[in-house]
Amino acid sequence: MMKIRDTSELEKYRKNVLEHRDAGHRWISLCVGTGCIATGAGRVAAALRRELEKANLKDVQVKETGCPGFCERGPLMVIHPQGILYQNVKPENAADIVKRTLKGGEVISELVYVDPSTDQHIELEKDIPFYSKQKRLILSNNPLVDPTSVEDYFAIGGYAALGKALGGMTPAQVIEEVKKAGLRGRGGAGFPTGVKWETTRRAHGRVKYVVCNADEGDPGAFMNRSVLEGNPHSVLEGMIIGAFAIGAREGYIYVRNEYPLAVKNATLAVQKARELGLLGTSILGSHFDFDINIVRGAGAFVCGEETALMASIEGKKGVPRQRPPFPSQEGLWGRPTNINNVETWANVPLIINKGAEWYSTIGSPSSKGTKIFALVGKIRNTGLVEVPLGTKLSDIIYGIGGGVPGERKLKAVQCGGPSGGMISAEHIDVPVDYEGLKKYGAMMGSGGLVVMDDSTCMVDIANYFLKFLLEESCGKCTTCREGIERMHELVTKITEGKATMDDLGLLEELATVVQDSTMCGLGNTAPNPVLTTLRYFRPEYEEHIKQKRCQAGVCRALITYWIDPKKCTGCGACAKKCPEEAISGRKKEAHTIDAKKCIRCGVCQATCKFGAVWRR
Ligand SMILES: Cc1cc2nc3c(=O)[nH]c(=O)nc-3n(C[C@H](O)[C@H](O)[C@H](O)COP(=O)(O)O)c2cc1C
Ligand code: FES
């Protein structure tokens with residue numbers, strides 16, 4: 001591979017890449033992101049290639065790309081140039097796709113998306129509301145590039161921003177552009193990126209580092225993984241520009257080892273960028289030297305916290321330390337270090353290419369640009385969703401997500417991961433940006449959105465998140481270690497119907513103490529699920545305590561199963577399945593459940609074909 005020695009060679013290289021591409025050719029963009037690989041995309045790719053060869057269709061290229069976000073429907077493919085989207089594709093469909101669509105020009109209706117709200121068959125990707133209602137500045141590139149091909153990245157304008165920055169801007173101008181754009185950190189806190197860069201640049205010392213935080217420990221969140229594995233060069237380009245602006249010569253991508261594809265594609269991207277001279281010494285003929293190392297994390301939630309992450313990179317135990325000093329003053333090995341999230345870095349080339357003025361027109365007054373959210377839970381369309389900051393939560397849930405499935409009603413949305421907060425259905429029109437969510441006690445975090453319907457018990461769900469945080473607390477500070485455990489004990493007591501109203505008072509007091517007195521963000525935010533559920537769903541807590549009742553029928557200790565004698569046919573199916581032998585009755589006569597033996601597993605209700613088993 002030739003080295004690109006200056007900015008004019010960069011454009012020559014791009015021209016060469018584009019000249020070798022047939023602009024009008026037919027091609028299939030097949031997602032081979034982690035989600036689609038798990039549902040068989042690798043076998044689909046092999047079958048498609050086999051069938052194309054058999055049919056002698058040499059002009060059709062199968063491009064294995066990153067994740068476009070609709071993972072629930074994977075394996076996903078789009079046939080270009082028409083833009084026909086096929087979902088849930090199986091290797092057995094390959095022959096049909098080649099014969100009927102590629103040769104015969106027919107759209108296979110069984111493979112197209114069917115809108116769950118309207119039952120309408122939608123053939124083109126651009127017409128699917130899940131996509132058409134988004135603004136995908138970052139994610140839209142994933143299905144266009146093979147992440148293992150740097151040429152593909154060049155073909156979509158990749159590394160042009162680097163050329164622009166190194167070819168005609170000073171570090172101060174780059175920082176000014178990022179500041180003017182209004183970019184804020186996508187890792188959770190929303191700190192202004194340009195300001196952080198400037199602080200690190202101004203910090204004392206010649207040795208400085210930049211770090212990409214790809215730890216992404218929130219359960220249910222996978223946006224950083226999708227960007228890093230789907231378009232790794234965009235992250236690299238952002239880091240190189242950032243390092244130039246800050247004056248760093250070395251960078252680290254800290255990525256959890258549970259993301260093997262992201263590790264593989266990022267490693268390959270670094271290697272290719274080095275071969276092209278985009279990493280190394282005198283990049284693009286400048287006096288700027290910079291290289292990137294990939295460090296694999298062991299997969300602890302707390303290692304996403306910046307000081308714990310740095311300790312982990314240094315080879316120490318991944319636990320946070322007191323701040324200040326902040327990483328921009330004293331970071332890796334005591335040197336000024338700038339840490340940004342994957343998505344933050346991926347936004348940088350966009351800003352440099354299109355300018356701060358353009359970027360700052362997107363989003364809300366205080367939060368500019370777009371944000372990727374992982375939309376999961378009780379929602380019709382799950383997946384990754386990218387929207388301008390400030391978009392109403394209701395537009396995400398109903399417009400893009402298609403609302404809650406079945407007859408159920410929306411109850412709440414957990415925003416910002418396990419230590420985020422619950423937004424109740426009545427506040428569903430909240431604008432999703434840093435300040436908007438904070439007003440309601442929640443936070444944006446890294447962008448997890450878990451949708452809950454009215455079958456969810458809010459006390460139980462708060463306890464679920466507390467348990468996660470308890471297990472993930474590093475235990476370094478007492479209030480976090482002991483405080484979360486005591487809170488978990490109290491909420492467990494409530495779910496078991498053993499708590500008093502004094503316990504509820506104690507829980508609230510403890511939540512405030514933990515929030516105010518722990519050292520790092522894990523402890524500070526751990527009480528959020530409890531505090532927000534108390535804020536919006538206090539009657540549910542009180543009902544558990546006073547009436548020993550769980551209206552959602554989730555808290556096992558508070559529910560009983562019984563058999564309606566009018567509906568029971570005496571078939572005995574439930575008795576056969578009951579693991580505790582708690583159900584008895586003669587054949588063809590109504591059965592009964594022994595409440596003392598019943599462990600409330602619900603198997604009887606799931607087994608009964610006659611709707612005779614009830615829960616109350
Ligand atoms: C417990 C905990 C976990 C965190 N996990 C992540 C993470 O997985 N990814 C991330 O970018 N930031 C995470 N953060 C935030 C980082 O400490 C830091 O603020 C962020 O990486 C800065 O980048 P940004 O300015 O681009 O957002 C976490 C913070 C806490 C307290
Ligand atoms: S992994 Fe294929 S759509 Fe997300």
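**Where is the place of Ile 108: in the loop between which two elements?** In this predicted model, Ile 108 belongs to the loop that joins α4 (94–103) to β5 (113–114). Let's take a closer look at this residue and then at the sheet.

**View 1. Ile 108 and its surroundings.** Is Ile 108 buried or exposed? Its relative accessible area is 1%, and because buried means under 20%, Ile 108 counts as buried. Setting aside neighbours within four places in sequence, you can find Ile 108 in contact with Tyr 86, Asp 96, Ile 97, Arg 100 and Thr 101. Now look for Gly 217, which is 109 residues from Ile 108 along the chain. The C-alpha atoms of these two residues are separated by 39 Å.

**View 2. An open sheet of four strands.** Follow the strands in the order β2-β1-β3-β4, and you will meet mixed pairing. At the edges are β2 (60–65) and β4 (84–86), each with pairing on one side only. On average, neighbouring strands of the sheet are turned by 20° against each other, direction ignored. As a reminder, strands of a sheet pair through backbone hydrogen bonds, either parallel or antiparallel.

**View 3. The pairing of β1 with β2.** How many bridges link β1 and β2? Strand β1 (residues 26–31) pairs with β2 over six bridges, in the parallel sense. For one of the bridge partners, find Cys 31: it is matched with Thr 65 in β2.

**View 4. Helices on the sheet.** Helix α3 (residues 41–54) lies across β1, β2 and β3 (77–80), and runs at about 170° to β2. Helix α4 also packs on the sheet, where it touches β1, β2, β3 and β4. The direction of α4 makes about 35° with that of β3.

Conventions: Residues are numbered from 1 along each chain as its sequence is written. Chains are lettered from A and ligands numbered from 1 in the order in which they are written. This is a predicted model: local features need pLDDT of at least 70, side-chain atom pairs count only at pLDDT 80 or more; totals for chains, interfaces and linings use all residues. Side-chain values use heavy atoms; hydrogens and water are left out. Buried means under 20% relative accessible area, exposed over 50%, partly exposed in between (1.4 Å probe, protein chains only). Contact means heavy atoms within 4.5 Å. Two strands pair if DSSP finds at least two bridges between them. Axes are lines fitted to C-alpha atoms, for helices over the stretch in contact, and angles run from 0 to 180 degrees between N-to-C directions.
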